[in-house]
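Biologist: I am new to this structure and would like a close look at a single part of it. Could you pick one residue, describe its surroundings, and then walk me outward from there?

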Amino acid sequence: MFRAVILCVMLAAMVLPSGAVPLEADRLQQRLETVREESGLVALGAVVADADGNILGLAVAGERVKGSGDAVQPGDAWHIGSNTKMLTALLHGRLVEQGKASWGATLPELLPDLADEMDPAWNDVTIEQLLSHRSGLAANPGMMWFLTSRASSDPVATQRTKLAKGFLAKPPDGEIGTFTYSNLGYTIAGAAIDRIAAQQGYENYEALFLSTLVPEGESWGFGPPKEGLEGHTKNLFGRLKGQGKGLNADNPAALAPAGTLHVPLAAHARFLSQFLRPDAIYGKLMTPYPDSASDYALGWGIGHHDTLGQYYRHAGSNTIWLSHVTLLPEQGLVIIVNTNLHSEKAGAAMYELAFELAEELRAAD
């Protein structure tokens with residue numbers, strides 16, 4: 001067994017708010033080792049932060065690449081898949097704050113250069129409907145696009161424009177207003193942000209995202225991490241194999257707004273802690289849409305736990321990596337559990353682990 005690496009948070013513990021109790025490091029370490037072994041995972045990482053961004057616990061276990069003997073490190077970046085979506089919604093919100101975008105904007109307003117070619121059925125579809133998966137768009141662009149787009153020499157913004165143009169020239173595949181989880185919808189929202197980016201002198205959504213949201217000096221990025229961990233799948237013989245860092249190690253790059261971001265655990269948790277603080281934009285993003293009967297907001301799933309209260313959760317995977325994030329506003333906690341090998345068994349165990357850690361902190365408070 002490869003000894004996992006523990007990040008001790010002694011400095012953070014010195015500035016924790018009154019009542020906040022860090023997780024016991026050895027216990028957290030053992031929990032990760034157990035889940036990793038029982039779920040057959042290559043690497044597993046978990047982090048817990050409070051509403052002020054203080055790290056209450058962080059541990060990692062396993063190998064960066066199966067069979068390499070290279071232990072995963074606390075500062076390694078993990079691919080977070082569709083957990084990028086809540087941050088795409090946040091980017092739009094920040095642009096609204098800056099007066100460069102607006103809530104309620106319709107598809108013809110978001111993509112004015114394509115308006116004349118859109119089917120009239122799209123005329124009243126709003127940015128909120130794109131971000132809440134209620135736009136009427138299909139779940140994904142289609143298998144042929146996935147097979148060919150990785151080799152495209154077009155800039156990613158051009159690829160997103162072509163996608164938008166092709167799909168919006170036809171009537172919706174689904175019923176507008178009905179929930180259909182849609183990577184395509186977020187990709188087209190990214191095409192709208194591409195246009196705002198160009199107006200500000202940025203190359204695309206990706207460049208504007210990194211400039212607007214990411215704290216200086218932190219190692220966020222799009223696509224698979226450039227060093228450290230690799231995502232894994234099974235080869236033709238059923239053996240786990242690292243997928244490297246090339247084009248085939250992730251979804252096509254144009255899907256970035258829907259889910260190709262990578263970020264280290266601590267940086268991710270500190271960032272998401274902002275969603276637990278009073279702010280008009282966070283309130284907008286975390287309000288069920290279109291009304292209180294919905295269990296989804298703008299990039300967040302919503303539920304209620306018997307003892308922990310309301311929670312916001314999301315899972316992200318490109319079928320290679322898997323990332324689970326949980327916010328517990330009543331407890332003031334952010335919990336992230338990541339692995340570099342996607343499986344349904346792992347997903348269930350990771351969800352359970354997140355709530356177990358929250359219950360442990362609640363009992364110790």
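**A close look at His 79**

Modeller: Let's begin with a side-chain pair: His 79 and Asp 250 make a polar contact through their side chains, at 2.9 Å. Please keep in mind that this is a predicted model. Its average pLDDT is 93, and 95% of the residues score at least 70.

His 79 belongs to strand 4, which covers residues 77-81. Is His 79 buried or exposed? Its relative accessible area is 1%, so His 79 counts as buried. Besides Asp 250, the side chain of His 79 also reaches a backbone atom, the nitrogen of Gly 81, at 3.1 Å. Leaving aside residues up to four places away in sequence, His 79 touches Gly 223, Pro 224, Pro 225, Asp 250, Gly 259, Thr 260, Leu 261, His 262, Asn 318, Trp 321 and Ser 323.

From here we can move along the chain to helix 3, residues 85-97. With 13 residues at 1.5 Å a residue, helix 3 should span 18 Å, and its end C-alpha atoms are 19 Å apart, which agrees. Helix 3 is mostly covered, with 11 of its 13 residues buried. Among them are Lys 85, Met 86, Leu 87, His 92 and Arg 94. Lys 85 has a ring for a partner: its charged end sits over the ring of Tyr 186, 5.7 Å from the centre. After helix 3 comes Gly 99, with a positive phi near 80°.

Another charge over a ring is found at Arg 313, which lies over the face of Tyr 311 at 5.8 Å from the ring centre.

Rings also pair with one another. How many aromatic pairs does a search of the whole structure find? The search gives 11. One of these pairs is Trp 220 with Phe 271, edge-to-face, with 5.2 Å from centre to centre and 70° between the planes. Trp 220 is in the loop between helix 9 and strand 5, while Phe 271 is in helix 11, so this pair ties together parts that are 51 residues apart in sequence. Both Trp 220 and Phe 271 are buried.

A further pair is Phe 275 with Trp 300: the ring centres are 5.3 Å apart and the planes meet at 65°, so this pair is edge-to-face. Phe 275 sits in the loop between helix 11 and helix 12, and Trp 300 in the loop between helix 12 and strand 9, so to speak two distant parts of the chain, 25 residues apart. Phe 275 and Trp 300 are both buried. Ring pairs join these two with Tyr 282 and Tyr 312 in a cluster.

Next, a look at Ser 211, which lies in helix 9, residues 205-213. Ser 211 has 41% relative accessibility, so it counts as partly exposed. Its side chain makes a polar contact of 2.9 Å with the side chain of Tyr 202.

Helix 13, residues 344-364, is another element to find in the view. Its 21 residues reach 31 Å from the first C-alpha to the last, close to the expected 30 Å. The buried residues of helix 13 include Met 350, Leu 353, Phe 355 and Leu 361.

Finally, a word of care about residues 1-19, where pLDDT stays under 50. The model has 42 contacts beyond four places in sequence for this stretch. Where pLDDT is low, the predicted coordinates should not be read in detail.

Methods. Residues numbered from 1 in each chain as written. Heavy atoms only, no water. Helix = DSSP H or I, 4+ residues; strand = E, 2+ residues; numbered from the N terminus. Expected span 1.5 Å × (residues − 1). Buried < 20%, exposed > 50% of the residue type's maximum accessible area, 1.4 Å probe, protein only. Polar contact = N/O pair within 3.5 Å; in protein donor to acceptor, adjacent residues only side chain to side chain. Phe/Tyr/Trp six-rings, centres within 6.5 Å; stacked < 30°, edge-to-face > 60°. Lys NZ or Arg CZ within 6 Å of the ring centre and 35° of its normal. pLDDT = per-residue confidence, 0-100. Contact = heavy atoms within 4.5 Å.
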